[in-house]
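Colleague: I would like a close look at one part of this model, please: how the helices pack, along with the turns beside them. Take your time and give me one connected account.

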Amino acid sequence: MPGNYVPPEDVVAGAVSRGCQSVAYTYTEPTIFFEYAYDVARLARASKLRNVFVSNGYIGQDAADKIIPFLDGINIDLKGDDEFYRKVCKAKLDPVKSNIEKFWQAGVWVEVTTLIIPGYNDSVEVLTDMAGFLAGISTSTESL
């Protein structure tokens with residue numbers, strides 16, 4: 001059953017009328033509906049609402065550059081090492097790592113989520129490598 005279209009203006013008006021402080025773009029990767037999310041984010045910012053993406057980290061550089069001025073926070077999944085991404089996700093790790101660093105350097109609040117899957121991404125080596133990567137961006141958990 002298809003959903004109902006809600007104009008971006010109505011999303012923001014609904015958030016404001018309910019006393020919300022932010023709009024989160026989640027449950028589906030926000031880059032899947034990027035143009036819509038961007039339209040909502042611009043209007044939300046103009047209405048003094050914050051914007052938060054929950055993402056797999058595969059946002060293209062042009063889209064990242066476009067959304068950064070309107071984005072207050074992003075939660076990116078860091079799923080494992082390159083082998084995990086190749087075998088399980090059929091993808092590459094480098095774009096995710098690049099985007100974690102890009103958003104942090106741009107001043108967007110970055111949170112990283114790693115769901116531990118026994119036998120896939122739970123080895124001491126994989127977890128140490130991920131922690132080392134994040135520490136290489138910033139050792140301050142308050143600024144990362």
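Modeller: Happy to; here is a walk through two helix pairs and the residues around them.

A word on conventions comes before the details. The model is predicted, so local features need pLDDT of at least 70 and side-chain atom pairs count only at pLDDT 80 or more, while totals for chains, interfaces and linings use all residues. Numbering starts from 1 along each chain as its sequence is written, and side-chain values use heavy atoms, with hydrogens and water left out.

Let us start with helix α1, residues 8-17, and helix α2, residues 34-46 (helices are DSSP runs of H or I with at least four residues, strands are runs of E with at least two, and both are numbered from the N terminus). The axes of α1 and α2 come within 9 Å and cross at roughly 45°; axes here are lines fitted to C-alpha atoms, for helices over the stretch in contact, and angles run from 0 to 180 degrees between N-to-C directions. That angle makes α1 oblique to α2, given that under 35 degrees counts as roughly parallel, over 145 as roughly antiparallel, 65 to 115 as roughly perpendicular and the rest as oblique. The α1 and α2 crossing is right-handed, meaning that the near helix is turned clockwise from the far one by less than a right angle.

Who touches whom? From α1, Pro8, Glu9, Val11 and Val12 meet Tyr36, Asp39, Val40, Leu43 and Ala44 of α2, where contact means heavy atoms within 4.5 Å. By class, this contact has seven nonpolar, no polar and two charged residues (nonpolar: Ala, Val, Leu, Ile, Met, Phe, Trp, Tyr, Cys and Pro; charged: Asp, Glu, Lys and Arg; polar: the others, Gly among them).

Within α1, the buried residues are Pro8, Val12, Gly14 and Ala15 (buried is under 20% relative accessible area, exposed over 50%, partly exposed in between, with a 1.4 Å probe and protein chains only). These four lie on the same side of α1, because they cover an arc of only 160° around the axis, taken from the directions from the helix axis to the C-beta atoms. They pack against strand β1 (22-25) as well as α2.

Now for the backbone beside these helices. Just after α1, Gly19 has a positive phi of about 75°. Most residues other than glycine have a negative phi. Tyr27, not a glycine, nevertheless has a positive phi of about 75°; Tyr27 sits in the loop between β1 and α2 and counts as exposed at 82% relative accessibility. Beyond α2, in the loop that leads to β2 (50-55), comes Lys48, another residue other than glycine with a positive phi, near 65°. Lys48 is exposed too, at a relative accessible area of 74%.

The second pair is α5 (residues 94-105) and α6, which pack at about 25° with their axes 10 Å apart. They are therefore roughly parallel to each other, and their crossing is right-handed. Lys97, Ile100, Glu101 and Trp104 of α5 make the contact with Phe133, Leu134 and Ile137 of α6, which amounts to five nonpolar, no polar and two charged residues.

One more stop in α6, which spans residues 124-137, is Leu127. Leu127 is partly exposed, at 32% relative accessibility. Setting aside neighbours within four places in sequence, Leu127 is in contact with Ile116, Asn121 and Asp122.
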